[in-house]
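Visitor: I am new to this structure and should be grateful for a close look at one part of it. Please describe the side of one chain that touches the other, and whatever helps in reading it.

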2 protein chains.
Amino acid sequence: MEEPLLPERDQNSGASIRTIHRACSILRCFTEDRPELGVTTISQKTGIHKSSTSRILSSLQKEGFVEQDEQSSKYRLGLGLVSLAGLVLERLELRDVVQPSIRELARITQETINISVLKEDECINIENINSPQPIQHMGLLGRRNPLHCTSTGKVFLAFMTQEERDALLPEQLKPYTKHTITDRAQLEEELKSVKERDYAIAHEEFKEGLSAIAAPLRDHSQQVIATVSISGPTYRMGKGQIDAYIPHLLKTSTDISTKLGYLKSEASP
Amino acid sequence: MEEPLLPERDQNSGASIRTIHRACSILRCFTEDRPELGVTTISQKTGIHKSSTSRILSSLQKEGFVEQDEQSSKYRLGLGLVSLAGLVLERLELRDVVQPSIRELARITQETINISVLKEDECINIENINSPQPIQHMGLLGRRNPLHCTSTGKVFLAFMTQEERDALLPEQLKPYTKHTITDRAQLEEELKSVKERDYAIAHEEFKEGLSAIAAPLRDHSQQVIATVSISGPTYRMGKGQIDAYIPHLLKTSTDISTKLGYLKSEASP
DNA sequence: CAACAGTGTTGCGCTTGATGCAACGAGATG
DNA sequence: CATCTCGTTGCATCAAGCGCAACACTGTTG
């Protein structure tokens with residue numbers, strides 16, 4: 001309704017099968033804020049005719065990818081997706097490797113720990129241990145976050161080449177809070193500092209009241225393939241607390257990187 | 001190759017859009033044992049022409065639902081699925097409710113804890129805490145398990161009506177190990193006992209060396225909507241150990257059920 | 001209570017777009 | 001270098017998905 005219509009996304013190279021593209025567009029309509037949607041709404045958001053939308057949803061329902069509420073007859077994403085995603089996660093041997101290390105980090109910090117990977121212009125959480133504390137347990141599996149305003153994202157950006165960064169970042173950086181860095185030059189400065197220190201900090205740059213620190217995980221190819229992060233409410237993540245966490249975070253990241261076959265080389269001035 | 005062709009599944013009511021059904025069939029080809037598949041293999045498994053298979057895969061790749069290995073050019077499931085599944089999990093308020101209780105249970109038992117829901121004729125793990133112990137951490141998010149030979153599945157079966165059970169269970173129960181109950185009458189006996197005790201035990205009925213116990217979670221409608229289970233290697237789950245775990249398991253399940261609005265009624269002889 | 005404004009679903013021809021064929025290029029293998 | 005086998009792609013065909021419009025249904029409204 002209030003959202004601008006998503007134009008049927010014009011894929012770059014080679015035509016995608018239209019029906020599949022449409023089905024995926026429909027699945028992508030569902031968000032954290034709007035977990036349940038009606039046919040008409042989806043139709044408006046995607047620009048797909050109402051009857052086609054209804055038929056595609058009905059097909060997806062038979063496949064278990066969406067479910068329909070008995071009463072409201074609205075649609076929501078289905079458990080079939082969870083099964084498939086489970087296979088994806090199972091495939092990532094990374095998850096097994098990190099387990100003991102992050103468990104220890106979680107025990108020490110009592111805050112939420114996340115492992116994220118880069119996927120196009122977002123980072124996706126592939127493993128998390130939630131904070132046992134009553135207030136806040138943000139980190140959620142599969143959650144996608146922007147790059148320029150999260151500790152995790154800034155780590156990925158910092159270890160890219162300038163070209164890769166330019167390809168991923170838009171001209172105008174979207175402000176999420178009043179602390180979000182929206183100036184490209186300023187962001188570049190920040191990233192340089194991240195690269196030097198080997199970790200990134202984000203204080204309420206993405207969400208008010210949320211702070212996080214992240215460090216890179218590297219494998220045998222010396223590439224940054226993932227990040228480990230600690231996140232929690234800002235009032236528990238003050239300067240002193242973060243300074244205390246940093247050594248543990250860096251120890252965790254180097255431990256995991258070593259297990260992944262990373263050999264620390266001094267040849268990176 | 002060695003697998004029998006999946007006939008293009010004839011859905012019961014109303015025709016599904018063919019392309020979508022095909023795409024989903026292709027996605028379902030990937031399993032735990034075969035996380036990477038080539039076009040030809042998929043084509044044979046699904047019975048879809050090789051060229052169509054290639055095109056559908058290519059479309060799914062553009063959507064992030066599958067990835068293609070650079071070298072082998074084989075396909076595997078993609079991270080896009082994890083993002084969508086994340087939204088599904090987020091939607092299940094159940095997950096939030098159970099967190100503190102199962103964390104406590106994990107702390108006490110030091111074994112893997114799973115929360116599962118019933119989806120058609122399988123149970124799906126929607127939340128888990130892995131055992132911190134070095135040997136075995138089975139429970140995996142999104143993992144689908146059969147009903148008749150798992151503690152979790154037997155709980156679901158035990159609290160169904162006879163008709164529901166008959167609809168879900170095949171004539172011939174598939175033997176997974178030499179301990180799997182394959183006789184329907186014997187299973188009914190077992191389920192009656194599960195219903196009386198309010199928990200189920202499975203000793204190597206699904207996988208050799210794996211044991212588990214499960215209890216039902218009920219909501220305000222008095223229905224069993226999920227289960228909580230403790231699983232671990234059999235040598236750590238002997239008779240004595242299980243007897244020690246049962247009270248904790250039952251306490252956890254009743255705690256969660258209470259939070260879900262379940263009111264224990266004595267009126268069920 | 002009838003008219004209405006929503007919803008999601010469904011026959012029905014039309015034509016678009018996904019299909020199967022076959023040829024192709026790229027690696028691997030002998 | 002010939003020969004597999006793999007995944008991809010141009011092309012003509014025609015079935016399959018499409019938009020239209022009518023439908024059934026619910027809840028609201030004058």
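Guide: What follows treats the contact between the two chains, then the confidence of the model, and lastly one residue of chain B. The model is a predicted one. In it, 49 residues of chain A are in contact with 48 residues of chain B. On the side of chain A that touches chain B, at least two residues each come from α1 (18-29), α3 (50-62), β3 (75-77), α4 (80-91), α5 (93-109) and β5 (122-129) of chain A. The most is given by α4(A), which supplies 11 residues to that side. By character, the residues of chain A that touch chain B comprise 24 nonpolar, 14 polar and 11 charged.

As to confidence, the average pLDDT of chain A is 86, and 90% of the residues score at least 70. Within chain A, the lowest confidence is found in α5(A), with a mean of 87, and the highest in helix α6 (residues 151-158), at 96. Residues 1-13 of chain A have a pLDDT below 50, and this stretch has 15 contacts in the model beyond near neighbours in sequence.

Turning to chain B, one may consider B:R22, which lies in helix α1 (residues 18-29) of that chain. B:R22 counts as buried because it has 21 C-beta neighbours inside 10 Å, the cut-off being 20 or more. Apart from neighbours within four places in sequence, B:R22 is in contact with B:I48 and B:I56. B:L94, by contrast, is 72 residues from B:R22 in sequence, and the two are 32 Å apart in space, C-alpha to C-alpha.

Definitions and conventions. Residues are numbered from 1 along each chain as its sequence is written. Chains are lettered from A and ligands numbered from 1 in the order in which they are written. This is a predicted model: local features need pLDDT of at least 70, side-chain atom pairs count only at pLDDT 80 or more; totals for chains, interfaces and linings use all residues. Two residues are in contact if their C-beta atoms, placed from the backbone, lie within 7 Å. Helices (H or I, at least four residues) and strands (E, at least two) are DSSP runs, numbered from the N terminus. Ala, Val, Leu, Ile, Met, Phe, Trp, Tyr, Cys and Pro count as nonpolar, Asp, Glu, Lys and Arg as charged, and the others, Gly among them, as polar. pLDDT is the predictor's confidence in each residue, from 0 to 100. A residue is buried if 20 or more other C-beta atoms lie within 10 Å of its own, exposed if 12 or fewer, and partly exposed in between; C-beta atoms are placed from the backbone.
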